[in-house]
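Thank you for making time this morning. I would like to walk through one structure with you, part by part, and I will take questions at the end.

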Amino acid sequence: NDINGPQDPSKIFPIDRVFNANPVKGDVSFKLLGVHFDEHLTFERHIEILCAKLSRSLYFLRQSANFISLKASLTLYYALFHSHLSYCPIVNGCASSTNLKKISVLQKKAIRIITNSKPNEHTLPLFGGLGVLRFEDMVKQARLHFMHSVYYDTAPDILKEHYTKNGDRGNYSLRNDLDFRLPSVNLYLIKRMPLYACPLAWNTAPAD
């Protein structure tokens, strides 16, 4: 239902619990706005579905690479491949490093295909030459964009209240007053979540 709008009962429905160990793949996650949430928020199912979409995009890139120009191939890359990476990159960044590596490997394959490079070609110069962001940089950029909106007071109030600066704790001045407070957590799973990962990216970013 819309905020401050009339409540429509037809838009309200119960969410059944999902189980990671469920043998039926369709029941191991709950899909909300294109994101698949699993029982323990590992996002394994979400990354699995994302990688399947990226693999299909690789097929089209590979089939057309020998018949169109580099510029056209790059356009296809942004339309068929990059568009999937750029949807909810902060959520994608919550997955484990193993799952994130799967996405990075597929992106490197895509870049090698559109540049007609060898399968073992080092991709860092290729990314730089094309002006394409690597997936891990896309996640970092999305986190920084979000924290930028929090820092300059343009984020929704319901989100801003979860991110406070060190200087908000009292009247005394600290050297890192303008840094955001990081919640005290021990689990690596929580450190990948936006509540920790986003302010960490902002605090560790260069001043310029």
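Let me begin with a pair of residues, leucine 32 and valine 35, where valine 35, which lies in E2, is the bridge partner of leucine 32. Before going further, I should say that this is a predicted model, and please keep that in mind throughout. The two strands involved here are E1, covering residues 29-32, and E2, covering residues 35-38, and they pair in the antiparallel sense over four bridges. Together E1 and E2 make a hairpin with two residues between them, and in that turn leucine 33 has a positive phi of about 55°.

From the hairpin I will move to the nonpolar interior. Which residues touch the most other members of the largest nonpolar core? That core has 31 residues, and the ones in question are Tyr77, Phe81, Leu85, Ile103 and Ile111. Five helices each give two or more residues to this core, namely H1 (44-64), H2 (70-85), H4 (97-114), H5 (124-130) and H6 (135-151). The largest share, seven residues, comes from H4. If we take tyrosine 77 as an example and leave aside residues up to four places away in sequence, we find that it touches Leu61, His82, Leu85, Gln107, Ala110, Ile111, Ile114 and Val132. Apart from this core there is another one, of seven residues, which includes Phe146, Met147, Tyr163 and Phe180.

Staying with buried residues for a moment, please look at helix H9, residues 194-204, whose buried residues are Tyr196, Ala197, Cys198, Pro199 and Ala201. These buried residues of H9 pack against helix H3 (89-92), against H6 and against helix H8 (188-191).

Another place to look is serine 64, which sits in helix H1. Is serine 64 buried or exposed? With a relative accessible area of 15%, serine 64 is buried, because the cut-off for that word is under 20%. Although serine 64 and isoleucine 113 are 49 residues apart along the chain, their C-alpha atoms are separated by 9.6 Å.

Now I will turn to the charged side chains. As a general point, side chains of opposite charge can pair when their charged atoms come close. In this model the count comes to three salt bridges. One of them joins the side chains of glutamate 48 and arginine 45, at 3.2 Å from N to O. These two residues are three apart in helix H1, which means that about one helical turn separates them. Their surroundings can be described as well, since glutamate 48 counts as partly exposed at 37% relative accessibility, whereas arginine 45 counts as buried at 19%.

The other salt bridges bring us to arginine 134. Its side chain meets that of glutamate 136 in a salt bridge of 3.4 Å, N to O, and arginine 134 also forms a salt bridge with aspartate 137, where the closest N and O atoms are 3.2 Å apart. Salt bridges that share partners therefore join Arg134, Glu136 and Asp137 into one network. As for accessibility, arginine 134 is partly exposed, with a relative accessible area of 28%, glutamate 136 counts as partly exposed at 35%, and aspartate 137 counts as partly exposed at 26%.

That is where I will stop, and I am happy to go back to any of these parts.

Note on methods: Residues numbered from 1 in each chain as written. Predicted model: local features only at pLDDT ≥ 70, side-chain atom pairs only at ≥ 80, totals over all residues. Heavy atoms only, no water. Core = buried A, V, L, I, M, F, W, Y, C linked by side-chain atoms within 4.5 Å. Buried < 20%, exposed > 50% of the residue type's maximum accessible area, 1.4 Å probe, protein only. Contact = heavy atoms within 4.5 Å. Salt bridge = Lys/Arg side-chain N within 4 Å of Asp/Glu carboxyl O. Pairing = 2+ DSSP bridges.
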